[in-house]
Structure formats: structure tokens, C-alpha cells
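Thanks for sharing this one. Here are a few notes to read alongside the coordinates, point by point.

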Amino acid sequence: MKAVVIDEYGEAETLYVDTVPRPAPGPGEVLVRVHAGSLNPADKFLMRGDPWLVRLSYGMRKPRNRVRGQDLSGVVESVGDGVTTFSPGDEVFGEFDGGALAEYACGPADRLALKPTRATFEHAAAIPMAGLAALHGIKAAGVGEGTRLLINGASGGIGTFAIQLAKAAGAHVTAVCSTHNLELVTSLGADVAIDYTKQRVLTTDERYDVILDNVGNHRIRDWLPLLRGRGTMLPNTGERGPDGTVVMRLIKAAWHNLVSRHRVGLFASKPNTADLAHLAGLVETGELTIVIDTMFDLAHTADAMARLATGHARGKVVVSVAGATLDRSAGGGTS
């Protein structure tokens, strides 16, 4: 089968399409004939092997699993022993721990859910990691009726989902983005949009119950004065920034929790069928819009990754797996 692989840690140009053996499902696993996948910042970090701590799990000198990708949608090809929740022919979407950017991918059944019928495979593939991170972050912070929430990086994959999920929970949402994305975040339900190219968000006179930072371009300590009462700051990025690496950010978060009256919340987002099904239900009812920045075919995944790495994608970058060819040439993107 065709798959996007990497032989060494590096930048987008290290990705290419190769022929690899088709996986077989073990107990509790599902083999999916993949129609589409999507990219997340986590894919970029795993591609680079950065921070170095990821190499302890994924391989010190080079990735143990050559095949890239985590988010996917497709059709169940076969199931392993003990799987009763899915059958061959079911249309599904979800998040595997690698191997998704291929014609076939194999992973645990409890990381999948039935695809929303009103969504294309490409749109469904854009949901899992970003949608779950937004959902789990909002739950962790206790966002609900009347919560005043500020989202930094509101026009990206997580941000576009977070706006809608927070509004559905009854929150008042302030979205921080560039001029180009003001109309987008407002259309998704943001009550207030701050253009960071014209206003430094840290100078606002407004105060918030929760701040969700998907960018990491300001120190945690600089966000805290914008919280009211015992408000919560949620750092949610693996990017290096003024607080240093993600490891340093975690250390500083723990320190601020010891010395500040505000809470710096840390949350883990793990894929599971129930939460994926919840997101699918919101798509079915029209309460959740999936924003796609660009689509690429499998042969041009390196270009898709380069687009993601700019940090300016509006919503999600999606890879269509149909018609995969052995081609490393540039191009192939569609809006």
C-alpha cells in the first residue's frame, strides 16, 4: 500500500510517499481503508523529534514507525478479535497513534466513532485531535453559562472548534486572531474579536474567567493579570515561546499554581469513542462547523505539512488519500 513515511527526523521535506506492507488488525483493533487524514501541530513535533522527550517513546535516532499521521476517516475493512462496535463497511473517523496517512491504517477500536453522515470524509478527518483538544480543554476549565472566555489562536484548528463548543456551553467568547480571520471567528460565534496586528491583547481592560492559549507567544505570568477572581489559564501548545520549551512551560505552570491565586490548568486529551461521537452529533445537528484551510493529495503531504508549519492555517489542513501516487513533486493544494 502507499503511505507517507519518514526515515529520519527533520522538516517537511523529509516526508515522502513509499510502498509499505498493509497492517493487519490485532485483538481490539480495526483496519480502516483511509479516505482522508488531517495534520496537527503534534504531527510536526513528531516529525522533528522535538522536544527530545518525544524520542523516548517514538525512537531516539529515527522514528520507530515510519508511517506518519494520526487523524483519519475512512471505511472499516476488517476488525480484530473482540471488536463488536464496528463492522466492515462502516464509515468511521478517529485518531490513531501513528500510521494514518496511508491507504490502510490500523488502530484500537476505542479511538474511532461512526462518521457524521452529513460530513465528507475530508471534513470528518479534520475533527479528531483538534476537536477533542477543544472539548477536553473547555471541560477541564469548567466553561459554562456566563463564563467569559478568551481564546488566543482562535482561527486555528483547536480555536475554531473551541469558539463553537464554548458558545454551545453558554460562554461569552473573545477571539484573538489576525485581521484576515476576524470575519471567520465572528461567523463561528465569537462575541468579541481582537485583531492582534492592531491591538496588543495583554493591554485589554477586559477580564476573563478562562484563557485558552493555543499559541504560546506570551509568558504565562503575563496572562494572569487578565484573569478575574480565581480564573483559569490553559496553556495549550507545544511551541517554543517566551516561557521556553514545553517542558519549561509545564514547570512554570506548576510554579504559578503554587504562588498565584489563579489556576494554571493542565489537561490531557485522549481520543475515545464517546467524545468523538459527541462531536459527530454536533456536526449532524449543524451546531459544529468544520473549517478547512487547504486540502492536499497524499503525494503532496510535505506541502501540507509546510502549510501547517507556517502557523497561519485557518482551521485544518487536510490530506486526501484517494488516488495516492509515488510523487515527491511540489504543489497539489486546494482551498
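1. Gly49 comes right after helix α1 and has a positive phi, near 65°. Please keep in mind that this value, like everything below, comes from a predicted model.

2. Helix α1 itself covers residues 41–48, and its buried residues are Asp43, Lys44, Phe45, Leu46 and Met47. Two charged-type names, Asp43 and Lys44, are included in that buried set. The buried residues of α1 pack against three elements: β3, α2 (54–58) and α10 (301–309).

3. Strand β3, residues 29–39, leads us on to the sheet pairing. β3 and β4 run antiparallel to each other, paired over eight bridges. Within that pairing, Gly37 has Leu72 of β4 as its bridge partner.

4. On to the pairing of β4 with β5 (residues 91–95): this is also antiparallel, with five bridges. Here Asp71 is bridged to Glu95 in β5.

5. Is Ser73 buried or exposed? Ser73 sits in strand β4, which spans residues 71–79. Its relative accessible area is 0%, so Ser73 counts as buried, the cut-off being under 20%.

6. What does the side chain of Ser73 reach? The partner is the backbone oxygen of Phe121, at 2.6 Å. Leaving aside residues up to four places away in sequence, Ser73 also touches Val34, His35 and Ala36, Val92 and Phe93, and Glu122, Ala124 and Ala125, besides Phe121 itself.

Notes. Residues are numbered from 1 along each chain as its sequence is written. This is a predicted model: local features need pLDDT of at least 70, side-chain atom pairs count only at pLDDT 80 or more; totals for chains, interfaces and linings use all residues. Side-chain values use heavy atoms; hydrogens and water are left out. Helices (H or I, at least four residues) and strands (E, at least two) are DSSP runs, numbered from the N terminus. Buried means under 20% relative accessible area, exposed over 50%, partly exposed in between (1.4 Å probe, protein chains only). A polar contact is a pair of N or O atoms within 3.5 Å; within protein, one must be able to donate a hydrogen and the other to accept it, and residues adjacent in sequence count only if both atoms are side-chain atoms. Contact means heavy atoms within 4.5 Å. Two strands pair if DSSP finds at least two bridges between them.
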